[in-house]
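Here is my note on the model you sent over. Please read it with the structure open beside you.

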Amino acid sequence: MYWDKTNECISYDHLQGLQLQRLQDTLRRAAQSPFYKARGIGDYAIDDLSDIKKLPLTTKQDLRDAYPYGMVCTSLDEVIRLHSSSGTTGIPTVVYHSKKDIDTWTELVTRCMYMMGVRKNDVFLNMIGYGLFTGGLGLHYGAERLGCLTIPSGPGNTKRQLKFMKEFDVTVIHVIPSYAMHLADTLDSMGIDPKKEFPHFKSAIMGAEPYSEETRKKVEDFFGIDVFNSYGLSEMNGPGVAFECPEKNGTHIWEDNYYVEIVNPDTLEPVPDGEQGELVITTLNREAMPIIRYRTKDLTSILPGTCPCGRTHKRLQRITGRSDDMMILKGVNIFPIQVEAVLIGIPGVGRNYQIILETKGHNDHMIVKVELDPNMFVDEYKALESLRQKIVRELRDEILITPEVDLCEPGSIPVAQGKAVRVIDNRTL
Ligand code: DLL
């Protein structure tokens, strides 16, 4: 049941002792990097975990400013790999790993995969991007450590993925949620019943972008599998930061490796368990590039109470979105995931959607493009019109503004190779 029982079920007292020792060690290390040296990080006295609040926060912009090597605290001889964000919108953020860092990361991913039931006799199809993106290689190393037959297929080429799933008797896949929906669409369009086609398929690891509980349920029901939520970010290695156990009630964040804070994004003051705020993480066990109090921009809360699975590590509530993904329309704050949760519950609606924001006159205007369910037979304009009106009504009840809804043919909204592009903001004001 546990890959590493000693650490997964560590008593909270022991955990805190370990965290303090690792935090002190992290600060000593970080002080060797040009970036943290300039911040005087070595001058802070940390006698207790609560002293962490005195330390300065680190932002994505700091990582960019320190590009390329400003955050590395070891000699480059010790560094064996880097991963990086795509950098399409400016300077990329780069994270460096020593040999030990790769080993620690692998161990954490293995812990996650074992926790959800993956074993050495599984056949694992990794449909997530390899290369600079952390999703592919991160899970790949974990699956190999478990001894799974690991297929590094990467994203795209959907028909080939489905062929692999059938011919190699794949049992577990790793997939981005929007791509899982695309797989389902493709199977529908081919008239294939996944439960018959893939009798060995039992579970999927889904993460890398926000998705609703309703989407999880849809994927589970369609394929007849269990879906486990996986949360991570490249600054903290990538996948393997927080992951669901079989209780499927929040993701355990591995506190022996990450110190977790939830803060109010405006005041930066801590918020109590159960209350939503921005996740701030400190690496506790990283050699080449420790990061202190990193503002993830991800909005979540700590689930109060303990988990029946026996693991002591805190659980994060499903991420509702990033504070920078939040759309503000006519003064109302809206997350794409709210739109998704509404759409997915409406019969006749397909599996892909996109939100387009425009300026009309002096006002914000939202257009929601909604693909129709490929299995729906609607010949009459009236039936489509009443579906459209129903979507408008239900969205308005949830997001408090009235969007324009544009129904479109299944497959007409482009499917990204990586994370889905949910919002296109063409506003000029
Ligand atoms: O997406 C790492 C990853 C790969 C995680 C594969 C899980 C699976 P980045 O590209 O740096 O790294 O993007 C990190 O993606 O800050 C969140 O905003 C979002 N994100 C990641 N996982 C989830 C999730 C990888 N399960 C950013 N739910 C994070 C919601 C997620 N958002």
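**Notes on the predicted model**

1. Start with the sheet. Four strands form an open sheet, in the order β10-β11-β12-β15, and their pairing is antiparallel. β10 and β15 are the edge strands, and each of them pairs on one side only. Bear in mind that this is a predicted model. In general, strands of a sheet pair through backbone hydrogen bonds, either parallel or antiparallel.

2. Look next at the pairing inside the sheet. Strand β11 covers residues 277-283, and four bridges join β11 to β12 in the antiparallel sense. To check the register, take V280: its bridge partner in β12 is R295.

3. A salt bridge also involves this sheet. The side chains of D298 and R322 meet at 3.4 Å, N to O. D298 sits in strand β12 (residues 294-300) and R322 in strand β15 (residues 321-322), so the pair links distant parts of the chain, 24 residues apart. D298 is buried, because its relative accessible area of 7% falls under the 20% cut-off. R322 is partly exposed, with a relative accessible area of 25%.

4. Now turn to helix α5. Does its length agree with the expected span, or disagree? The helix has 17 residues, 99-115, which at 1.5 Å a residue should span 24 Å. The C-alpha atoms at its ends are 24 Å apart, so the two values agree. The helix is mostly covered, with 13 of its 17 residues buried. After α5 comes G117, which has a positive phi, near 105 degrees.

5. Two salt bridges from α5 deserve a look. The first joins the side chains of E107 and R145, at 2.7 Å from N to O. E107 lies in helix α5 and R145 in helix α6 (residues 134-146), so the pair ties together parts that are 38 residues apart in sequence. Both ends have some exposure: E107 is partly exposed at 27% relative accessible area, and R145 is partly exposed at 32%.

6. Where does the other one lead from R111? The side chain of R111 meets that of D256 in a salt bridge, also given as 2.7 Å, N to O. R111 belongs to α5, and D256 to the loop between β9 (251-253) and β10 (258-263), so this pair ties together parts 145 residues apart in sequence. R111 counts as buried, at 3% relative accessibility. D256 counts as buried too, at 2%.

7. Put those pairs in context. The structure holds 29 salt bridges. Some are joined up: E213, R216, E244 and R318 are linked in a network of salt bridges.

8. On to internal space. There are three cavities of 30 Å³ or more. The largest cavity holds about 70 Å³ of space. Its lining consists of D101, T104, L108, N237, N257, Y258, T283, L284, N285 and R286. Which element gives the most to this lining? It is α5, with three residues. By class, the lining of the largest cavity has three nonpolar, five polar and two charged residues.

9. The second largest cavity has a volume of about 50 Å³. L63, A66, Y67, P68, M71, P92, T93, V94, Y96 and M289 line it. Nine of these lining residues are nonpolar, one is polar and none is charged.

10. Finally, an open site. The second largest pocket holds about 330 Å³ of space. Of the 21 residues in its lining, H182, N352, G411, I413 and V415 are the closest to its centre. Two elements, α8 (177-190) and β18 (349-360), give two or more residues to this lining. The largest share comes from α8, with six residues. By class, the pocket lining has ten nonpolar, seven polar and four charged residues.

11. What should you view together? Helix α5 appears at several points above. E107 ties α5 to α6, and R111 ties α5 to the loop between β9 and β10. The helix also gives three residues to the lining of the largest cavity.

Definitions and conventions
Residues numbered from 1 in each chain as written. Predicted model: local features only at pLDDT ≥ 70, side-chain atom pairs only at ≥ 80, totals over all residues. Heavy atoms only, no water. Expected span 1.5 Å × (residues − 1). Buried < 20%, exposed > 50% of the residue type's maximum accessible area, 1.4 Å probe, protein only. Salt bridge = Lys/Arg side-chain N within 4 Å of Asp/Glu carboxyl O. Pairing = 2+ DSSP bridges. 1 Å grid on protein atoms, 1.4 Å probe; cavity = no way out; pocket = protein on both sides within 12 Å on 5 of 7 lines; lining within 4 Å. Points joined across faces, edges and corners; volume = space filled by probe spheres on them. Nonpolar A, V, L, I, M, F, W, Y, C, P; charged D, E, K, R; others polar.
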